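Visitor: Could you give me a close look at one single part, please?

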Amino acid sequence: MNQVTDIVNSFQQRYGTDPTHFVRAPGRVNLIGEHTDYNDGFVLPMAIEHDIHIALEPLDVPEVHLYSTNFDAEIRFPLDGFTRQEMSPAEYVKGMTRALQNNGHTLSGWRGVITGDIPDGAGLSSSAATEMVVGQAFAVRGGLTITPTDMAKMGQWVENEWLGLGSGIMDQMISASGVAGNALLIDCRSLETELVPIPDDTTVFILDTGTRRGLVDSKYNERRQQCEAAAAFFGVPKLRDVTFEQFTAREADLAELPRKRARHIITENARVLRARDALNAGAATEFGQLMNESHVSMRDDFEISSPALDAMVRHAQNHPGCFGARMTGGGFAGCAVALVRREVAEAFGKIVAEAYAQETGNEPQIYVSQPTDGAGPVLQDA
């Protein structure tokens, strides 16, 4: 059974009726461009086939009743007067509700069931997908018209202001704006986007190391502060504004950690634009080399890799059918991503999983994913 069938059954069992609306939002994998988003730079993610669904029906009272099958818990709160509490999955729902209200949207009550198959904590943006799917639920319930970009901005507000995380807007933008068959180049300053096709003879692999980290407890915010310090040294708003020539001319005067962080961001922005051009030209080999270079930069300059991620990337890169591989996501644990020749995809997954498990003792999960559409309503028979 697919997720729509499963969620209908859960809805019927819980409420005794059929849902009137279905919405979904995908997770994402970032092909290249890590930690560049909050530096106003460029990123190249794609929406993946793992997603989050909500089945819902209107409520006559101004409340949200939302049962999570993944957590076996109900989220229930009034649309007026709710406050932030201790960190839990409910805060993503409440935060998106507040963001919509802050942006002038009049909200109506609903009840529903939420379920998803995005691996939790793997760095595939289950949080952004949750924000986007909740926004879609309110939109279909109230007949609201909200652009993907505006929905993404509200999702980022949830992360930054409601939850206190220093994340950029990439995750929300790709979950809201993805297009099947394409990655999406996002200019994180202007929020302009450009479709970038994935070559037909390639397959994107998501390589889950089986390791996890908590974003709040990680050094994510610390990296952002180091980037801000480097930008201040160069006298610019964001590291996006520093050219490589400007960096090399003054790097000797910059403290070691800000220097290394800046070098990653500046070179990574350049790699993203070169990667866009490579994919547009169908040059998978060139794109793969840029992925490999990106991993080295994240490992050595931004220092957000881990032994497990390095092992997974190394085994992927060693396979002759792999164009390139790198860690992906916030770092320290989670997933790598690889671009592979389609004709060897089945063998690649098995060989890499076995080699990684033998070296590390971890149990990996290997996913194949094609780029999919962004958040929106779903037909019941989909």
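Visitor: Which residues lie nearest the centre of the largest pocket, and how many residues line it?

Guide: Happily! This is a predicted model, where local features need pLDDT of at least 70 and side-chain atom pairs count only at 80 or more, while totals for chains, interfaces and linings use all residues. Residues are numbered from 1 along each chain as its sequence is written, and side-chain values use heavy atoms, leaving out hydrogens and water.

Tyr 92, Asp 120, Ser 125, Ser 126 and Ser 127 lie nearest the centre of the largest pocket, which 44 residues line. (A pocket is an open set of points on a 1 Å grid over the protein atoms alone, where a 1.4 Å probe fits, with protein on both sides within 12 Å along at least five of seven lines; lining residues have an atom within 4 Å of a point.) Helices α2 (89–102), α3 (126–142) and α5 (170–177) and strand β5 (110–116) each give two or more residues to this lining. (Helices are DSSP runs of H or I with at least four residues, strands runs of E with at least two, numbered from the N terminus.) The pocket's volume, about 940 Å³, is the space filled by probe spheres set on the points, which are joined across faces, edges and corners.

What sort of residues form the lining? The lining has 18 nonpolar, 18 polar and 8 charged residues. Here Ala, Val, Leu, Ile, Met, Phe, Trp, Tyr, Cys and Pro count as nonpolar, Asp, Glu, Lys and Arg as charged, and the others, Gly among them, as polar.

Elsewhere, helix α6 has 15 residues, 220–234, and just after α6, Gly 235 takes a positive phi of about 70 degrees.

Conventions
Expected span 1.5 Å × (residues − 1).
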